[in-house]
Amino acid sequence: MTLRCIVPFCPKTGRGDPDQEEFICRAHWRRVDRATWRAYNAAHAKASAADRLPGPPDTPEKVEAYKAVTDLWERCTAQALASIHLAH
Ligand SMILES: [Zn+2]
């Protein structure tokens, strides 16, 4: 699936995760602070691992892993979007 970068007026497109509806281009990822994207990557890896666990998708550890990755994704997008005000 091809997605447009979430930052307004950014012309970049890319492939999103199959389960992700939003995309941040490489240039805008650089505006997300390191601690946040590292935490996001870790949470994403955990959620992928949780996906492969047997059982229904709503076990407490799966729900927690999905919530963590969603929260961190929101923090990443907020930082990428906040940065547009600093760029000018
Ligand atoms: Zn962008």
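Ala82 lies in helix H3. This is a predicted model. Is Ala82 buried or exposed? Ala82 has 11 other C-beta atoms within 10 Å, so it is exposed, because a residue with 12 or fewer counts as exposed. Ala82 also pairs up in space with a residue from another part of the chain. Its C-alpha atom is separated by 9.0 Å from that of Arg31, and the two residues are 51 residues apart along the chain.

**The chain as a whole**

Now step back to the protein chain. Its secondary structure comes to three helices and two strands. What order do the elements follow from the N terminus on? They run β-β-α-α-α. The chain has 88 residues, and 14% of them count as buried. Consider next the contacts between residues at least 6 apart in sequence. Of these, 46% join residues at least 24 apart.

**The core**

Nonpolar side chains tend to be buried together in soluble globular proteins. Here, the largest nonpolar core has eleven residues. Among them are Cys5, Val7, Phe23, Ile24, Val32 and Tyr40. The core also includes Ala65, Val69, Leu72, Cys76 and Ala80. Which element gives the most to this core? Helix H3, residues 60-86, does so with five residues.

Phe23 deserves a look of its own. It is one of the core residues, and its place is in the loop between E2 and helix H1 (26-29). Why does Phe23 count as buried? It has 21 C-beta neighbours inside 10 Å, and the cut-off for a buried residue is 20 or more. Val7 is another member of the core. Phe23 and Val7 are 16 residues apart in sequence, and their C-alpha atoms are 9.1 Å apart in space.

**The loop between the strands**

Strand E1 (2-4) and strand E2 (13-15) are joined by a loop that holds Phe9. Pro11 lies in the loop between E1 and E2 too. Phe9 has 6 C-beta neighbours inside 10 Å, so it counts as exposed. Pro11 has 8 such neighbours and also counts as exposed. The backbone at Phe9 has a feature to note: a positive phi of about 70 degrees, although Phe9 is not a glycine. Pro11 has its own partner in space, Cys25.

The table lists the three pairs, with C-alpha separations.

| Pair | Apart along the chain | C-alpha separation |
|---|---|---|
| Ala82 and Arg31 | 51 residues | 9.0 Å |
| Phe23 and Val7 | 16 residues | 9.1 Å |
| Pro11 and Cys25 | 14 residues | 9.3 Å |

Conventions: Residues numbered from 1 in each chain as written. Predicted model: local features only at pLDDT ≥ 70, side-chain atom pairs only at ≥ 80, totals over all residues. Helix = DSSP H or I, 4+ residues; strand = E, 2+ residues; numbered from the N terminus. Contact = placed C-beta atoms within 7 Å. Core = buried A, V, L, I, M, F, W, Y, C linked by C-beta atoms within 7 Å.
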